[in-house]
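Visitor: I would like to learn how to read a ligand site and the cysteines in a model. Where do we begin?

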Amino acid sequence: MSRKYLIAGNWKMNKTATEAVDLIKEINSSVGSQTTVQVCVCPPFTSLAKASELVDQTEVILGAQNMSAHPSGAFTGEISAEMLRDLYVGFVILGHSERRQFYGETNESVNKKVLAAVDNNLKPIYCIGETLEEREAGQTLEIVRSQVREGLENFPANAIDNLVLAYEPVWAIGTGKTATDEMAQEVHADIRKVLVEMFGDSAGASVRILYGGSMKPENAAGLLSQPDVDGGLIGGASLTSRAFSGIVEAALSA
Ligand code: PGA
């Protein structure tokens with residue numbers, strides 16, 4: 001089965017709603033009308049409403065960076081799946097390492113969000129990855145396997161086509177250090193094996209696994225040429241249309 005590349009921009013806590021307008025317009029005009037590579041932008045919550053209007057009538061899909069596991073109620077400061085769906089958000093990044101590190105998210109708490117997302121027809125981009133310490137201790141595969149197993153516990157097999165994973169080695173995020181093409185491929189192939197164990201062969205063949213961690217136009221082609229790398233989750237390089245579109249171009253010619 002062939003998997004369509006997905007290039008998703010994780011803007012993190014960058015850009016006001018006013019600034020977001022310019023960037024989205026530029027992305028729309030550079031890569032927003034092609035359908036070969038799926039393109040997703042994930043601005044902060046405050047830009048989603050405006051962004052939703054701007055990507056309407058384009059091929060660009062809107063994503064969010066986090067979501068509450070609860071449907072509604074007394075959860076000050078939180079945003080629900082339904083609120084995202086109402087703005088035509090398609091993807092939601094869940095379990096990003098910054099949320100695990102700074103906001104106490106765990107495989108278990110992220111699992112609740114993943115299940116709430118699919119329940120509401122949102123496509124989770126579930127993030128996993130080892131720290132430098134864990135890599136140096138030779139624990140990479142063990143850590144990533146348990147992140148996959150625990151974070152995807154009870155994931156409904158009939159919604160598997162809505163699942164995206166992002167392998168982001170923590171030591172490569174925002175550091176300029178990228179995993180080599182071979183390092184990425186090794187972990188991606190292992191993740192796919194776990195997916196096959198959990199959900200069967202066809203799920204293993206259809207779920208997209210993105211690489212994230214200092215991906216940029218210069219290194220994207222090599223990473224994307226690996227058989228189990230199905231796209232990228234892009235932080236820093238998603239903040240200019242030139243760099244972000246450059247990565248989409250790399251996917252177009254991969
Ligand atoms: P980076 O971030 O591209 O700036 O390394 C990736 C991410 O955290 O999703």
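Visitor: By class, which residues does the shell around the ligand have?

Guide: Keep in mind that this is a predicted model. The shell around the ligand has seven polar, four nonpolar and two charged residues.

Visitor: Which residues come nearest to the ligand?

Guide: There are 13 residues around the ligand, and K12, H96, E168, G174 and S214 come nearest.

Visitor: How do I read the polar contacts of the ligand?

Guide: Look for pairs of N or O atoms within 3.5 Å. Here, an N or O atom in the side chain of E168 is 2.7 Å from an oxygen atom of the ligand. The backbone takes part in other pairs: a polar backbone atom of G236 is 2.8 Å from a ligand oxygen, and one of G235 is 2.9 Å from a ligand oxygen.

Visitor: How much of the ligand's accessible area does the protein cover?

Guide: On its own the ligand has 280 Å² of accessible area, and the protein covers 95% of that. The space that the ligand takes is the second largest pocket.

Visitor: Now the cysteines. How many disulfides does the count come to?

Guide: A disulfide needs two cysteine sulfur atoms within 2.5 Å. By this rule the count is zero.

Visitor: Why is C42 not bonded to C40?

Guide: The C42 sulfur has its closest cysteine sulfur in C40, but that one is 3.7 Å away, so the distance is too far for a bond. C127 is in no disulfide either; its nearest cysteine sulfur, in C42, is 9.3 Å away.

Visitor: Does C127 count as buried or exposed?

Guide: C127 counts as buried, because its relative accessibility is 2%. C42 also counts as buried, at 0%.

Key:
Residues are numbered from 1 along each chain as its sequence is written. This is a predicted model: local features need pLDDT of at least 70, side-chain atom pairs count only at pLDDT 80 or more; totals for chains, interfaces and linings use all residues. Side-chain values use heavy atoms; hydrogens and water are left out. A residue is near a molecule or strand if one of its heavy atoms lies within 4 Å of it. A polar contact is a pair of N or O atoms within 3.5 Å; within protein, one must be able to donate a hydrogen and the other to accept it, and residues adjacent in sequence count only if both atoms are side-chain atoms. Accessible areas come from the Shrake-Rupley method with a 1.4 Å probe; for residues, only the protein chains shown count as cover. On a 1 Å grid over the protein atoms alone, a cavity is a set of points where a 1.4 Å probe fits but cannot get out, and a pocket is an open set with protein on both sides within 12 Å along at least five of seven lines; lining residues have an atom within 4 Å of a point. A molecule sits in a cavity or pocket if more than half of its atoms lie within 2 Å of its grid points. Ala, Val, Leu, Ile, Met, Phe, Trp, Tyr, Cys and Pro count as nonpolar, Asp, Glu, Lys and Arg as charged, and the others, Gly among them, as polar. Buried means under 20% relative accessible area, exposed over 50%, partly exposed in between (1.4 Å probe, protein chains only).
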